[in-house]
Every structure is written in C-alpha cells, then in structure tokens.
Amino acid sequence: MTALSDPRPGQGGLPPVAALESDAPVLDLSGEWAFRWSPTVAQAPDDLPAADPSAWGRMPVPASWVMPAHDAIHPAPHGAPAYTNVQYPFPLDPPHPPDDNPVGDYARSFDIDAVPDRAVLRFEGVEGAATVWLNGVELGAPRGPRLPTSFDATAALRAGRNDLVVRVAQFSAASYLEDQDEWWLPGIVREVTLRSRPSGGVDDVFARVGWVDGVGTLRVEAVVDTGAEVSVTLPELGITAALDEDLTIPGVEPWSAEHPRLYDLVVATESETVTLRIGFRTVSVDDGVLRVNGVPIVLRGVNRHEHHPDLGRTVPRELMEHELHLMKQHNVNAIRTSHYPPHPALLEAADRLGFWVIDECDIETHGFGMVEWRRNPSDAPEWCAAYLDRAARMVERDKNHPSIILWSLGNEAGTGANLAAMADWMRARDGSRPIHYEGDYDCAYVDVWSRMYASHADVAAIATRDEPALDDAFLDARRRAMPFMLCEYAHAMGTGPGGLTEYQDLFEAHERLAGGFIWEWLEHGIRRADGSIAYGGDFGEVVHDGNFVIDGLVSADREPRPQLTDLKAVFAPVTLRISADLRDVVIESRYDVTDSAHLAFDWVVAGADGIARAGELPVPVIPARGRVTVLLPAECALAAAAPEHVLTISARLAADTPWASAGHEVAWGQWSTVVAPRLAGSPVPRGQGAGQVGPVRIDPSTGDLIAIGDAVVENLRLELWRAPIDNDFGVEWTEPGLAPLATRWAQLGLDRLVTRRVSATPSADGMTVVSRVGGAGRDELVELTLAWSTDGDDALLNVTVEPLGGPAVWARVGLSFSLAPEYAIARWFGLGPGPAYPDTGQGTRLGWHTAAVADLPVPNVRPQESGARREVRQLVLDGGAHPIEITGEPFAATVRPWSTEEVAAATHLAELPRGGRTHVVLDHAQYGVGTAACGPGVLP
Ligand code: IPT
C-alpha cells in the first residue's frame, strides 16, 4: 500500500471527457453492495480481489460508509464521521497518510448478456484512495473524490456474471488536497456505471458557444472513435454543421440565469447519438466589469456543499432539484460549488433552471496555513501532476454547461506554481471563462478579484477602486482593473447573519462589484440513531471544530431557516417604495437581463380583522435595471389611508415556471398607518387591597410583581444578556483586538446579575420600586426603576434603566418574567411572522401574527438566543387563566418555553427541558447579530 503515499494522480484511467447524454446503453450499478470495514490498512485482510464477499455486511452505493444511518443494514462497526475545519485530522507529513487509516472493501456482481465493442466503467466520485478490480483484473486506482474516473473495462468484462471489487483506504496522499471545511466521509459517494461504447461512437464533445452583438457563435469539436463520419445538427434552428466549423447564427436567443434559453445540439455517428443542451452566451471582463453578453451582472449567490444527514456526501437527485427550486424561490441567482465540482446533475439543472455558476476544483490545503504554509502541496513540484489532473477532469467533464461562467482553481490552498499551472492549462483549453481563486490575493493568475468576509467598508473602498495598493505596481494596476466579488460573505451560522442589506446596497450601486455568495447554503448536521442532529465532536473525535459545520440558510434536511426568508427580501430582483402620501409606488428592477413582463402586481390592505380590500395593480413592463412610478388606484389609497391598516404591494410570477407556480411572490413593499393598535380590551380579573395596581398585584413589602389578574408572574427582572449566539463567540475581523462579545458580557457578569432592592414606595395610584443590579464582583451597576401606576383599567409601567458605571456593551436592555406553561400562544402586531434583530428580519413584515410559543424560537442545532419579534406594538399571551395584553412603544418580544439560562446551557436541541414555564423577554433595545462567527461584527 505504498501507493497511498504517492502524490501523483490516480492510475489507469482514460483521458477525461465531457459528461454526455448518449443513446448508448448504460448500466447503473447503484444499490446495496457487499461491504467490509477494517479499522486500519494493516488490519485489512490481504485477500482481494479473490475474497468471497458473501459473509460481508451491506452498504448503499452511492453513500459515505461512516454514516450512522447505515447501522441498520451494517450492524458491525463501520467507523464514524469526523469534522475538522482548517486543521487536518492527521500530522502534516506529506505525502504520507497516518497508520490509523480505515479501509472499506466493496463488492458486487452484475450480469450482462454480451460484451460490447468497448466498455467503460465509470466512477463519478470515490472519497478515499481506491483500487478497482473487475473479474480479478486490476483496472486502476481513482483519486479525487468529486471528479470522475473512467476505466476501459472491455478486456476484463465477460458475458454473464461479472465481479467488481473496490478497496477504499480513507486517507492517502490525496487527502492533503482535500482539506475542505466539512466532515471526513469516505466511501463510493457518487454513482458507478458501466457504459457501452460503440465502435465509431462519440467519446467527447466540446461545444464552444458564444453570443456576440446579438449573434450566436458555435464551434463543435469532438473526439470520435476510429474517425467515423460525424453529423452536427441544431434541429430547432434547422442547422447542420461540420466539426470544427465556425458558425455564426443570427436570431438565436441568448442564455442567461434570468432567461435560461437552451437549444438542442445533436452530435451523431452511425453508431451513437449524443444530445447536448447548449446556451448561447459570452462571459467577459470589460472595463473592469464582469459581464455576460455584454451586460454587467450581479451575483446573488450561495455557496453550496453536497451533504445529506443520512447519506453523507451523496445527495439524491430529487433533493438536489428541490434545493435549486428553493434557491430560485428565494431569489438566489448564483451558486459557487464550494469547494469541488458538484454532481453533474446539478449543472444540468442549473443550465435548465437558470443559475450563474462558479465551478470550483477539488483542491484545498488549508491546514498548511496553520504552519505558515510550509511544505504546501500547491508549491511543491511533486504535486503538480495531481493539480493539473484535477483541473483537466473538472474542465473536461463540465465544459459544455452554459451556467458555468467562471472556473475556480479551488479554495484556501495558499499560493504556488501548481495553482498557476492550473490557471495556464485552463486558459489554454477554454479561454471563454475567466478564472477565479480567492487565495491569490495579488491576483497574479486569476481574472477576477475575489475575497472572503471583507467588511462593508473594505468593499465600499474597492467599489470605487480605492483599495490600498499592492507592493508590486504591475500587479496592483492589473488587480485594480479587475471586477470584484465576495466568494464568501455573511456567515449564516446560528442566529444571523446581520448586515446583508448594506452589502447588497453596495453591490447594486457599483458596477465593479459583481456581488457575492453567502456562506453557506446548507447545514451539515448528521442524524444519529435517536434522530438527533450531531456536529463536530459528537462522534468522539480527538480534534474537531464543534458546530462550525452548522452554518447554513437551510437545515441538513433542507428546511428553510429564517435567514433564507431575509435573504429572499435582500436579493429581491425588484424593489417597491410606496410614497408617504400614498400617491404612488416606485418600482425599480434589479434584473440585469430580462424585463418585468413575467411579473404581475397586486395590492392588499389588511387590518386587525383580516383583508379589508385588495386588487390588481397594472404596471407597465419595466426594462432590466429600469424604474417606473405607478400611481396608486384611488380605491387602494383610500383603503390604505383608513386608520389601523397596512398596505402591501406584491410582485408575483404571472405564469408557472419550472421552480414555482403562478402567484409566487417575488418581492413586496409595505406602508402603514398603524401607530398604536386598537386594544383588544379583554377583561382581566382584578383583586382589591394593598399592592393592587389595576389588574396587577405587587407584594407591598418587597415590590415584587406577583400576578397579572389571576396569572401568577415569576421573576420579573432586568435582562442585559442573551444566550450567546454563534456570532457572539467570534472575534470580529474588523476589531481583532477585542475579545468576543460573549466573553466581554461574561466578564461584566451580565449572565449572572444580582439585585439589591433599594426601595419600594407606594404612590397615589401605584408603587415605585428602585433596585440596583450588577454582576458579582463588578462595579458597573445599573439602577432600575419600575414605576407602576394605573389609569383605572390597565396597569402602566414606566421603566428607567440608568447605568452607574461603564462603559459597557450589553446584549439587550429588557425586562423578563415567566408565566405558567399554559400561556402557550402569542399574538402580536408588529414584524413577523419570522424573527428579527436590529440587523436581520428583512423578510418580516408588519401585521397581525399568531404563533405557538414553542414555535417562536428557532430550532437551532446548537441552542442560542433566537426568535425575537421586533417592532411589536401589542403582544397578547394567551392560553392561560385569561389573555394578558402588553402594549407599548415598539419593543422586541422574545417568548420561549425556556429561560435565557436554559438556552445558554444546552449544547444540543434535545437538551432543552420540556414542559417548563413560558418565559417572556421584552426588549427596549437589542445588540445586532453581525457575522463575527466568521467575518465582521455588528455595524455601528
Ligand atoms: C472559509 C472557508 O473557505 C469555508 O470553507 C468555510 O470554512 C468558511 O471559511 C467558514 O465557515 S475560510 C475562513 C478562514 C474565512
């Protein structure tokens, strides 16, 4: 097994070719295979390929073998997932893997009637170092988990039964190139197929497609077996061409992510027909701006990993299709395939549904950054062939996809000659797509400038080409002439990210800025036998990076998280601004390519009792990047102007699309007259005697709030803390000298405030209670004054919070208390239905909302503060003795079946206690959430 220390590419494979749809027969070998696991290479039986697999366990193919979900069909040990971000889980001793190197042996048999002219055994992706035997003949050794390897299987194949055996060692030299921030999940993770290759068949096609000045261009190159006659046709256009002929095709519609127009291209010989779906488009960098078909584009993107909570690295096609529909529904128009080429089906879907794609090569050596990049493979000659091999296998497989507008060399691999060599090779093979790689800070070998998590201020400077100069004047001038993008920004971990709107405003305002990609689309949780979701460390890993792998816009089960709703609003391709005087609405298009003909507009006026009036809003077709002012119909303006009403104008799909039905809301704008909503006027029983203030009962000696009506209230107190969100544990990139917020709050003792009652003084119509509050051992005291009074019907509470020491940063300024668990329903007028913090909640809207208290917090895999509703003017807590209604100046309400301390103490969702009281926090102010888990903190 010394080959495991070989830094060169895999052995025995055929030259890489495009993934083509052909009429030649294909046998899909997916399904349950025989499987045997050994904890180390040394302990793996030396009996392959002859071993009899009948006594082995079972394992699905494709899937990662370490997943707990396989326990049912493979009860014997089969290893466990391990999560590391930057650090490798083994010492940096390239090119050697460690001795603790688990092995998975796979076997299956299949029958064929006859051996075809030629046969290819194709592995779409094997994670780990594989050796492949067919009928006892060694075919070769694939490397590179997210790239295909094809073997010529003709000689080894026989009519009747065939035996296929694959040994996979989890670690090898190749692992040094696969240090992406994700779980280590070995296995045959993509399909295995046996493909018949007819003599005289079409082995490879490269359709070089462009669209220049309104005219399509096309040149079809092909690799054809034994020089057979080839026909090239575009049936829809009635065009027949020769190979290598440069065609210009007037009148074709261009392809774009907004209008993904595809044409069939048929390449045929006598023995085989392959069909491609091509799109006419040209990508360029002109005047420092990224353009497609001459038009500047804004990437509203997400980073997408391939992960499944039960299968590991394998994502079933229907689920992948569902993900892309979700993205389209949420106004996402771009995907960076972080950090490796995706399953080929994703690119087919991206062409069809319309996404701008950055296809990224399967290379990351991030862990060498922890040792100042010493011995980084990216700059060591013995690794060059592996880098070039991966570049070629990506470009050759994916070269025909119109959705791919940029090739990316990889992620976080430092700098070095091997990356430069990849860029040179890619340019020579396919000069039609600019090259991306974020790690090349000086942009010596890329065509676009890309950064991660840059602050708003940095992006603003770059927008106007005012970035600090590089030392090298030539490189500086070159980089200054490039477009800019954020290949990662806004880390969507836990409660957050904040600051999306401010980034988007910059992207929309400056042509140099080509937009960016949120980190990241998907959480990588793994389901355990008890159904709970695991993160790093939960499988006993010695080194791991905890829950840093749980940072997505959707859960591992693809449930949208609140940040996806917010992102939809921020990414909206049209904006609607209703004038203060209800005269008109200004509608602005952020489409780069298409006009608004596919949209229909309507208006709704709603009040506390539901919809009052609604109608259509005729809007003229708005050209791409255009704007119209539309007068509001009298009926609409009149209804909206009535007291206590909210007007919402929506832009919706006028017709069905492949990803959403007609009526799907794309964007909206609001306008409202509601200042203080009508009180519900529910009668609250009230007692008599000392300490009774309207419906509220206060202990006359201590000043403690005892009850509201018949509802017992416990522990009314000042709250300055929150259960730290993931961002509160991060060091802000913009202020690296500052400790994380969670540390600063703990130093102040905000998580363990101690109260001293100073006075409880009766007043004419109530009582005034003064307390001093502070953290044990600290002198940053706060004086809290609760002045209770009544207007006869209601209890009025005037709260004064005065800091006596300082300065200090607080998570919030609020009051909390708890009620009996029967108070399990919340109704409010304010922003909703989802949560909002000062720098999030762009997707929430003003209105009357209802939710179960249990549904208000976000079910974060690692519990943390979540679920605040903002701009609340009226909150009704219901389900108990009688409704309790709270009104006031707009406040934030956090209502949950746990206390702040209980949320903070839990490390996993299942640890949160059940059946506890209903805890209510009413905030006058809250700290924002920012994105400091990875990136800048909260904007001032
Ligand atoms: C950046 C990585 O590219 C990405 O894979 C992920 O780890 C992300 O951070 C954080 O979740 S690298 C980091 C040093 C900015």
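Hi everyone, this is a short walk through one protein model, from its ligand site to its sheets and a few unusual backbone spots.

Before we start, this is a predicted model, where local features need pLDDT of at least 70, side-chain atom pairs count only at pLDDT 80 or more, and totals for chains, interfaces and linings use all residues. Residues are numbered from 1 along each chain as its sequence is written, and side-chain values use heavy atoms, with hydrogens and water left out.

Let's begin at the ligand. Which residues come nearest to it? Of the 15 around the ligand, they are Asp181, His339, Asn411, Glu488 and His491; a residue counts as near if one of its heavy atoms lies within 4 Å of the molecule. That shell divides into 6 nonpolar, 5 polar and 4 charged residues. In this scheme Ala, Val, Leu, Ile, Met, Phe, Trp, Tyr, Cys and Pro are nonpolar, Asp, Glu, Lys and Arg are charged, and the others, Gly among them, are polar.

Now the polar contacts, meaning pairs of N or O atoms within 3.5 Å. Asn411 places a polar side-chain atom 2.8 Å from a ligand oxygen. For His491, a side-chain N or O atom is also 2.8 Å from an oxygen atom of the ligand. Trp519 has a polar side-chain atom 3.1 Å from a ligand oxygen. On its own the ligand has 390 Å² of accessible area, and the protein covers 89% of that, by the Shrake-Rupley method with a 1.4 Å probe.

Trp519 has something else to show us: its peptide bond to Glu520 is cis, with omega near -5°. Glu520 sits in the loop between β33 (513–519) and β34 (526–527). Helices (H or I, at least four residues) and strands (E, at least two) are DSSP runs, numbered from the N terminus.

There is another cis peptide bond between Val61 and Pro62, with omega about 0°. Pro62 belongs to the loop between β4 (57–61) and β5 (82–84). And while we are on the backbone, Trp373 is not a glycine, yet its phi is positive, at about 65°. You'll find Trp373 in the loop between β28 (356–360) and α3 (384–398).

On to the sheets. Strands of a sheet pair through backbone hydrogen bonds, either parallel or antiparallel; here, two strands pair if DSSP finds at least two bridges between them.

One open sheet has 8 strands in the order β30-β29-β28-β27-β26-β33-β32-β31, with parallel pairing. Why is one side of β30 (435–436) and of β31 (449–452) left without a neighbour in the sheet? They stand at the edges, so each has a single partner strand. β31 pairs with β32 (484–491) in the parallel sense over 4 bridges, and Ser450 has Met485 in β32 as its bridge partner.

Another open sheet has 4 strands, ordered β39-β38-β41-β42, with antiparallel pairing. Its edge strands, β39 (610–617) and β42 (665–672), each pair on one side only. Strand β38 (599–607) runs antiparallel to β39, joined by 7 bridges, and Asp602 stands opposite Glu616 in β39.

That's the tour, thanks for listening!

Notes: Polar contact = N/O pair within 3.5 Å; in protein donor to acceptor, adjacent residues only side chain to side chain.
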